[in-house]
Amino acid sequence: MPDVRGAHDGQPRERRLDAVSAFLRQNWLVIVTAAIALGGYIATLQTLTNQVAEIKTGVDEQGEDIAALKVEQARQVEATSDIKEIRATAEETARNVAALCQATGANCR
């Protein structure tokens, strides 16, 4: 009775190992070339991954810069509003002083 322990194709394990060994001896250059190509592919993927991470970091930083610019813009709008209120108050005060001067006959110039 043949040794069938570990055999999946009806051949004993030793025969299959011999077949694999023969395949490796005959195709070693193809296997090495494929391994080198795979290594290059992995290196390229790593480079692309690093580039994507750098781009994402740049986008995040630009987002932070945009947020800071929006905050500054809001402050400037608020400051402009405050300046308009101060001008309106100053104009009203000037009118009140002019009216007071006219009513009292004082020389307010």
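# Reading a two-helix model

Modeller: Buried residues account for 2% of the 109 residues in this protein. Keep in mind that we're looking at a predicted model.

Colleague: Okay, so what's the secondary structure here: how many helices and how many strands?

Modeller: The protein has 2 helices and 0 strands. Helix α1 covers residues 13-26, and helix α2 covers residues 28-104.

Colleague: And the surface? How much accessible area is there, and what share belongs to carbon and sulfur atoms?

Modeller: The protein's accessible surface is about 9,800 Å², and carbon and sulfur atoms hold 61% of that.

Colleague: How do I read the span of a helix like α2?

Modeller: Take the distance from the first C-alpha to the last and set it beside what 1.5 Å a residue would give. For α2, with its 77 residues, the reach is 113 Å, close to the expected 114 Å.

Colleague: What happens to the backbone just after α2?

Modeller: Look at G105, which sits just after α2 and takes a positive phi of about 75°.

Colleague: Now salt bridges. How many does the structure hold, and how should I think about their spacing along a helix?

Modeller: General idea first: an α-helix has 3.6 residues a turn, so residues three or four places apart point the same way. In this structure there are 2 salt bridges. One joins D60 to K56, with 3.0 Å between the closest N and O atoms. D60 and K56 are both in helix α2, 4 residues apart, or about one turn.

Colleague: Which residues make the other one?

Modeller: R75 and E72, whose side chains meet at 3.8 Å, N to O. The cut-off is within 4 Å, so that pair counts. R75 and E72 also lie in α2, 3 residues apart, again about one turn of the helix.

Colleague: Are those four side chains buried or exposed?

Modeller: The cut-offs you need are under 20% for buried and over 50% for exposed, with partly exposed in between. K56 has a relative accessible area of 51%, so K56 is exposed, while its partner D60 is partly exposed at 37%. In the other pair, R75 counts as exposed at 53%, and E72 as partly exposed at 34%.

Colleague: Where would I look for a nonpolar patch on the surface?

Modeller: Try L38, Y41, I42, L45 and L48, which together form one with about 490 Å² of accessible area. Pick out I42 as a case: this residue is in helix α2, and a relative accessible area of 49% makes I42 partly exposed.

Colleague: We've neglected α1. What does the side chain of R25 contact?

Modeller: R25, which belongs to helix α1, makes a side-chain to side-chain polar contact with S21 at 2.7 Å. R25 is still exposed, with 57% relative accessible area.

Definitions and conventions: Residues numbered from 1 in each chain as written. Predicted model: local features only at pLDDT ≥ 70, side-chain atom pairs only at ≥ 80, totals over all residues. Heavy atoms only, no water. Buried < 20%, exposed > 50% of the residue type's maximum accessible area, 1.4 Å probe, protein only. Areas by Shrake-Rupley, 256 points an atom, 1.4 Å probe, with all protein chains shown as cover. Patch = residues over 30% accessible without salt bridge, like charges linked within 9 Å, V, L, I, M, F, W, Y side chains within 5 Å. Expected span 1.5 Å × (residues − 1). Polar contact = N/O pair within 3.5 Å; in protein donor to acceptor, adjacent residues only side chain to side chain.
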